[in-house]
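Here's a quick tour of a structure, written for someone who likes to have the coordinates open while reading. Have a look at the fold below, then follow along.

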Amino acid sequence: MKLLTLAYEDGITIGEALNVSVTGMIVVLLILALLSVLVLLLSKAVRSVEKEAKTVKHKSDEKPSSAPKTAPAAAPLAAPAPAAVPTVAAPASVDLFDVDEKTAAVIMAIVSNESGIPLNRLQFKSIKAIRK
């Protein structure tokens, strides 16, 4: 019985143990409730600051600057000409097997989009429907 003794010679009673455990649970629940309220208040404060920053930014974008310009703005540099993309001449016709032209056009557009290659750089020889 020496293991169960705390500060008393005879140990604590069941009533005292229940009192300590209930008090501890109440303290923990109160602190958790306080923390949840603090988190809610903090999130509302952050949202209001973000909203205020957005409105200030939008207002500054709408109003022209009233400060006088002391020096004229430098002319923007001309952008370099884009490199010419060699185009592949599309064949006069694509062989279609059990596929109508509208479906073939959709298939070619999907292939171009998924591969990231422009449609004018792709060359389709034939499109065939496979049915199982």
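## The core and what surrounds it

Start with the largest nonpolar core, which has six residues in all: V99, A104, M108, L122, F124 and I127. Bear in mind that this is a predicted model. I127 is a good place to zoom in. Setting aside neighbours within four places in sequence, I127 is in contact with V94, D95, L96, F97, V99, A104, I107 and M108. Three of those partners, V99, A104 and M108, are core members themselves. As a rule, nonpolar side chains tend to be buried together in soluble globular proteins.

Stepping back, the protein has two helices and two strands, and reading along the sequence gives α-β-α-β. Buried residues account for 6% of the 132 residues. If you take contacts between residues at least 6 apart in sequence, 62% of them join residues at least 24 apart.

## Three residues to click on

Here's how S112, L35 and D98 sit in the model.

| Residue | Location | Relative accessible area |
|---|---|---|
| S112 | helix 2 (residues 101-115) | 13%, buried |
| L35 | helix 1 (residues 14-62) | 46%, partly exposed |
| D98 | loop between strand 1 (95-97) and helix 2 | 63%, exposed |

Why does S112 count as buried? Its relative accessible area is 13%, and the cut-off for buried is under 20%. Leaving out residues up to four places away in sequence, S112 touches I117, P118, L119 and L122. L122 also belongs to the largest nonpolar core.

D98 has a backbone quirk: its phi is near 60 degrees, a positive value in a residue other than glycine. This residue is exposed and sits in the loop between strand 1 and helix 2.

## The outside

L35, in helix 1, helps make a nonpolar surface patch of about 930 Å². V27, V28, L29, I31, L32, L34, V37, L38 and L41 make up the patch along with L35. Over the protein as a whole, about 12,500 Å² is exposed, and carbon and sulfur atoms supply 66% of that.

## How far to trust it

The mean pLDDT is 79, with 68% of residues reaching 70 or more. Which element has the lowest mean pLDDT, and which the highest? Strand 1 has the lowest, at 88, while helix 2 has the highest, at 91. Where pLDDT is low, the predicted coordinates should not be read in detail.

Terms used
Residues numbered from 1 in each chain as written. Predicted model: local features only at pLDDT ≥ 70, side-chain atom pairs only at ≥ 80, totals over all residues. Heavy atoms only, no water. Core = buried A, V, L, I, M, F, W, Y, C linked by side-chain atoms within 4.5 Å. Buried < 20%, exposed > 50% of the residue type's maximum accessible area, 1.4 Å probe, protein only. Contact = heavy atoms within 4.5 Å. Helix = DSSP H or I, 4+ residues; strand = E, 2+ residues; numbered from the N terminus. Patch = residues over 30% accessible without salt bridge, like charges linked within 9 Å, V, L, I, M, F, W, Y side chains within 5 Å. Areas by Shrake-Rupley, 256 points an atom, 1.4 Å probe, with all protein chains shown as cover. Salt bridge = Lys/Arg side-chain N within 4 Å of Asp/Glu carboxyl O. pLDDT = per-residue confidence, 0-100.
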